[in-house]
Amino acid sequence: MSGTLTLNKITAQRGIPVGEAAKKIADLGWNPSYVQEAMTFPTDYKITKAPKDPMKQVLRSYFPMQEEKDNRVYGALDAALRGDMFRNVEPRWVEWMKLFLAIIPFPEISAARSMAMVGRLAPGEDLRTGFTMQMVDEFRHSTIQMNLKKWYMENYIDPAGFDITEEAFGKCYATTIGRQFGEGFITGDAITSANIYLTVVAETAFTNTLFVAMPSEAARNGDYALPTVFLSVQSDESRHIGNGHSLLMSMLKEPENHVLIERDLRYAFWQNHAIVDAAIGTFIEYGTTNRDKNKESYVEMWHRWIFEDYYRTYMLPLEKYGIKIHHDDVQTAWKRLTEKHYVHRVAQFFAVGWPVNFWRIEAQTDKDFEWFEHKYPGWYAQFGDFWKWYEKLSHRGQTNILFNSDVGYVYPHRCWSCLVPCLIREDIVTGEIDGQLYTFAHELDRWTAVQAFADEYEGRPTPAMGRFSGRREWESCYHDWDLADAIKDLGFVRTDGKTLVPQPHLRFDEKEMWTLDDLRGHTLKSPLMTLRGMSPEDREAHLAEYRKGFTINPCN
Amino acid sequence: MTAVPSVSVGSGAAGAAVFPDSDSRRYRYFEPRSKRATHYEDVTVDVQPDPERYLLQDWIISFPDGKGAYTKDNTAALSSNWHAFRAPDQEWERTHYQRQSKIEAMVQSVIANGRKSGAPKAFNKAWVKILQNHLGAWKHVEFGLGTSLMQAQRYGYTQMINNATLTNSSYKLRLAQDITLYLAEIGMDIPGFDDAAGKRTWLEDKGWQGTREAVESIMGSTDYLEQYLAINVVFEPLVGELFRSGFLMQVASSNGDFITPSVISAAEADYERNLANTMDLLHLLVTDNQHAAHNKNLFQGWVDKHVALANKAAAGLQPIWSQPHSKPVQYADARAQSVERIKKILGELGLVLPKE
């Protein structure tokens, strides 16, 4: 008998079952009768069925669980320092973290804010508990990531770029893509942004590549801190996926929502693909020094996480509720990643623009070439010479690659929708909004900006839908500026007033580091403003030429 | 030719090489409040951008009316520098979870040990009714205020304002849940305890309707700063502390209940922090070098409106003080204390308590 006796059994007392506790907490809400809650973030969706909270967690167990997760994270960071992690870390990898960690805390805190937008929309209080925890989770993610960045800044060989991080986030030509992602969570129709774009697509599908695939690559590059933080972050995501799915199920009950769900799934899937694959694909494939041919490439992981897991087991079942799923969009994204080398073109674009970045980008080497060719047959013929040029032009005294006409690279147009440039040249399309001409990377991007983000969709008024606004084409901010003056204005100069924050190499020797003077004398142009200034005939001729693409000249 | 980058210094550690800014190890895009940035500032400041700091391209998605993600006109208050505010409690995720987790551990331990000793059965019978009906109603107050703050944290112009509002919301919602589960647990030990009575009292009892109106008025406000002020400057001292400290905390023990004061006590400490955050922000606004007069006038209007509601709420609750078997404290004394408290708070802001 004594063999089965434990302290728990001796001290245990009757408690409330979890389901009962969740039910009582859901009963905290009531329908106000003196003053109504204002619906300050409108939606065009109709929600009449109260969504259920699938997680049934309460704050009493939530806070200790999160504290324990934190203890593990901070303990691991201390251990990494004691183990001299930075002596063995690959700088090529950490440099890309200057971009990634400049972007990600803003989308995270935006997700916290967006919980306010969905909190009042759904009837009943069940899911409000889930939204509450997600709000606090996202606050966790944002500040834990800022802490990680500070930690890199304090311990990594070159802190420049980390030290200007949030300012750089607002200005850089690459981070503009991340701003599109984060603003998408909090602006426009509350359901489109905070439910479909954020939870149903970004969190359910793409956090797997963001927070699971990327940490694996970090570990291969001697960085044990990023996996520690981000796998902890990812462990919160299942709660958010549950929130998103539950609200989606409520919306499906109303047939008049179906056309909007179809629109928003289409927009959100395509834009998450365009943005997340551009950024995370580049970090994983180009930020690594590990060229183990047995490991999965980014597209192989994409096939597993996005195609098999998300598309087959999450999107497809929605068809039985009467939602039209655009199978061709998923296939097109897959083709862009495989046959059309989307990620490689993005990495190439980031590398060309190194002078207006705020981190170091190192050239790819023979070892990298071999791996790329193995994983992406045909890669070398398209990108081999480019990276040889990049290495050659990484030395001071050379004309920088952005303006070097020997290379043969043609600077791309910017997509007005996803803000990644029109890198698959043959797919560029143009469109008009309020009589103004814009360029788009793909027909689906045009559809997003022109048809989805409008006050009417398929004959139905959509007064709550957001609009694309601001100076979305980054290049137009510096049209006709001297490159050196633009860099100075961006603040991407070290405190000596001349050495650049970005460098096209990993050589930590002052003599090798580019300065403003090395880049002076080149004028930046906005491709869109230039295109708008052309006659209709010249414009057509220009676009026809653009669609043909370019050839990188041999680098000998 | 093959591309082979030059070999680096062989280490990625700080100090492995010396070059421009190899020692730049502090965020240099914001001015810390003191000489050196605090950890809270490092993980908080400027994460929420705006066209002043540092959106080169402005907001790139807008609402249908053309407004971007965050705009200054989400409140009627004006500031010459919204970015100046720093929360005195310096809360970020780690400190928040540590504190909340510690409170949960304390609360659960007190409840578990109290139940083990059979304490709930020894509660005075009249007191049990008070817990069932009135503490049961109070949990809805905390929930209403928590969800108001959850809404408010979407609107502030800076990360510092919104995060302070968010943690305030988290504290309130935790307390609402703590009370809910506490009552459910002691209810299992007390025969005849009606766990649904609290909500009925909240919705139907005449004495609680003033409080419900005051809370719903805060929930219904569309100005996030009005919500923040109404909760921490007006409602908390005039109703929150009045009921929690001025009644529950002082009356429980003489009616055989040593558990409730511990469950409630965390809320008083939460409030001290939330009040400090609110006061710091409002003080900046009433001493603003351009907009002080406008803000003072605006705040006085909000104070007048919410004090009237809170006074009505407090008056409605008055009969509760005479319901316990043992009455160690009088409503009038508790009320006098809360009036003193709000006068002091308003005085710090140069505002006055309207006459009843």
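**Exercise 1. Place Arg86(B) in its chain and decide whether Arg86(B) is buried or exposed.**

Start with the position. Arg86(B) sits in a loop of chain B, between strand E1 (61–62) and helix H2 (93–116). Keep in mind that this is a predicted model.

Next, take the neighbour count. Within 10 Å of Arg86(B) there are 23 other C-beta atoms. The cut-off for a buried residue is 20 or more. Therefore Arg86(B) is buried.

Now look for its partners. Set aside the neighbours within four places in sequence. Arg86(B) is then in contact with Arg33(B), Glu41(B) and Met160(B).

Finally, set sequence beside space. Arg86(B) and Val45(B) are 41 residues apart in sequence. Their C-alpha atoms are 8.6 Å apart.

**Exercise 2. Describe the make-up and extent of chain A.**

Count the elements. Chain A contains 22 helices and 5 strands.

Test the overall form. The radius of gyration of chain A is 25 Å, and the globule rule gives 24 Å for 556 residues. These values are close, so chain A is as compact as a globular protein of that length.

Add the outer dimensions. Along the principal axes, the C-alpha atoms of chain A fill a box of roughly 80 × 65 × 45 Å.

Then turn to the interior. Of the 556 residues in chain A, 55% are buried.

End with the contacts. Take those in chain A with a separation of 6 or more. Residues 24 or more positions apart account for 77% of them.

**Exercise 3. Do the same for chain B, and give the order of its elements.**

Count again. Chain B has 11 helices and 1 strand.

Read the order from the N terminus. The elements run α-β-α-α-α-α-α-α-α-α-α-α.

Take the span. The C-alpha trace of chain B extends about 90 × 50 × 40 Å along its principal axes.

Check burial. In chain B, 53% of the 356 residues count as buried.

Check the contacts. With a separation of 6 or more, 79% of the contacts in chain B are between residues 24 or more positions apart.

**Exercise 4. Work out how many residues each chain brings to the contact, and which helix of chain A gives the most.**

Begin with the totals. Chain A brings 112 residues and chain B brings 88 residues.

Find the main contributor on the side of chain A. Helix H7 (residues 126–155) of chain A gives the most, with 15 residues.

Sort that side by residue type. The side of chain A that touches chain B has 49 nonpolar, 28 polar and 35 charged residues.

Look for strand pairing across the chains. Strand E5 (residues 467–468) of chain A is joined to E1(B) by 2 bridges, and the two run antiparallel. Within this pair, Phe468(A) stands opposite Ile61(B).

**Exercise 5. Analyse the hairpin of E1(A) and E2(A).**

Identify the strands. Strand E1 (residues 429–433) and strand E2 (residues 436–440) of chain A pair in the antiparallel sense. The pairing covers 5 bridges.

Pick out a facing pair. Thr430(A) stands opposite Thr439(A) in E2(A).

Inspect the turn. The hairpin has 2 residues between the strands, and Asp434(A) takes a positive phi near 50°.

**Exercise 6. Compare the settings of Asp84(A) and His341(A), two residues with positive phi.**

Take Asp84(A). Its phi is near 60°, and the residue is not a glycine. Asp84(A) lies in the loop between helix H3 (59–82) and helix H4 (85–88) of chain A. It has 11 other C-beta atoms within 10 Å. The cut-off for an exposed residue is 12 or fewer. So Asp84(A) is exposed.

Take His341(A). Its phi is about 55°, again without being a glycine. His341(A) lies in the loop between helix H14 (327–337) and helix H15 (342–352) of chain A. With 21 other C-beta atoms within 10 Å, His341(A) is buried.

Follow the chain into H15(A). In this helix, 10 of its 11 residues are buried. Among them are Tyr342(A), Val343(A) and His344(A). The buried residues of H15(A) pack against helix H12 (258–286), helix H13 (298–315), H14 and helix H17 (379–392) of chain A.

**Exercise 7. Find where the cis peptide bond at Tyr54(B) lies.**

Name the bond. A cis peptide bond joins Arg53(B) and Tyr54(B), with omega about -5°.

Locate Tyr54(B). Tyr54(B) is in the loop between helix H1 (39–44) and E1 of chain B.

Technical notes: Residues numbered from 1 in each chain as written. Chains lettered and ligands numbered in written order. Predicted model: local features only at pLDDT ≥ 70, side-chain atom pairs only at ≥ 80, totals over all residues. Helix = DSSP H or I, 4+ residues; strand = E, 2+ residues; numbered from the N terminus. Rg over C-alpha atoms; globule rule 2.2 N^0.38 Å. Contact = placed C-beta atoms within 7 Å. Nonpolar A, V, L, I, M, F, W, Y, C, P; charged D, E, K, R; others polar. Pairing = 2+ DSSP bridges.
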